[in-house]
Amino acid sequence: MKAVKVMASIDEKGQLTLDKPLNLNKNSRVEVIVLISEEAEDEDDTPKEIILEDFREA
């Protein structure tokens, strides 16, 4: 079995969307293991631009 590491996002329906397409054999089955960073649970939805602006004002 071959391993390929790719980054992806999980949408509101719980479905994965890969950041880049896989250049592998088409129509083949794969096994997926999802690793979730513990930091992801604490992420804030505030856009980076707003955070940076807050720092500039402070």
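Let's start with a bit of vocabulary: Ala, Val, Leu, Ile, Met, Phe, Trp, Tyr, Cys and Pro count as nonpolar, Asp, Glu, Lys and Arg as charged, and the others, Gly among them, as polar. Keep that sorting in mind, as it comes back when we get to the pocket.

What you're looking at is a predicted model, so it helps to ask how far to trust it, given that pLDDT is the predictor's confidence in each residue, from 0 to 100. The protein chain averages a pLDDT of 82, and 90% of its residues score at least 70. Where along the chain is confidence lowest, and where is it highest? The low end is helix H1, residues 48–57, with a mean of 76, while S2 sits at the top with 94. As a rule of thumb, where pLDDT is low, the predicted coordinates should not be read in detail.

Now for the layout. The secondary structure of the chain adds up to one helix and two strands, and if you read along the sequence you meet them in the pattern β-β-α. How much of this chain is buried? Buried residues make up 0% of the 58 residues. The chain exposes about 6,500 Å², and carbon and sulfur atoms supply 51% of that area.

Next, the pocket. Rolling a probe the size of a water molecule over the atoms shows where empty space is left. Here, the largest pocket holds about 1,400 Å³ of space. Its lining takes in 28 residues, with Val4, Val6, Leu18, Val32 and Ile33 lying nearest the centre. The elements that give two or more residues to this lining are strand S1 (8–10) and strand S2 (16–18). S1 provides the largest share, three residues. And here's where the opening vocabulary pays off: the lining of the largest pocket has 18 nonpolar, five polar and five charged residues.

Let's stay with one of those pocket residues, Val32. You'll find Val32 in the loop between S2 and H1. Is Val32 buried or exposed? Its relative accessibility is 53%, and exposed means over 50%, so Val32 counts as exposed. Val32 and Ala3 are 29 residues apart along the chain, and their C-alpha atoms are separated by 9.9 Å.

The loop between S2 and H1 also holds Asn27. What's curious about Asn27 is its positive phi of about 60°, although it is not a glycine. Asn27 is exposed too, with a relative accessible area of 85%.

Finally, hop over to the loop between S1 and S2, where Asp11 is found. Which backbone atom does the side chain of Asp11 reach? The answer is the backbone nitrogen of Lys13, at 2.9 Å. Asp11 has a relative accessibility of 26%, and buried means under 20% while exposed means over 50%, so Asp11 counts as partly exposed.

Conventions. Residues numbered from 1 in each chain as written. Predicted model: local features only at pLDDT ≥ 70, side-chain atom pairs only at ≥ 80, totals over all residues. Heavy atoms only, no water. 1 Å grid on protein atoms, 1.4 Å probe; cavity = no way out; pocket = protein on both sides within 12 Å on 5 of 7 lines; lining within 4 Å. Points joined across faces, edges and corners; volume = space filled by probe spheres on them. Helix = DSSP H or I, 4+ residues; strand = E, 2+ residues; numbered from the N terminus. Buried < 20%, exposed > 50% of the residue type's maximum accessible area, 1.4 Å probe, protein only. Areas by Shrake-Rupley, 256 points an atom, 1.4 Å probe, with all protein chains shown as cover. Polar contact = N/O pair within 3.5 Å; in protein donor to acceptor, adjacent residues only side chain to side chain.
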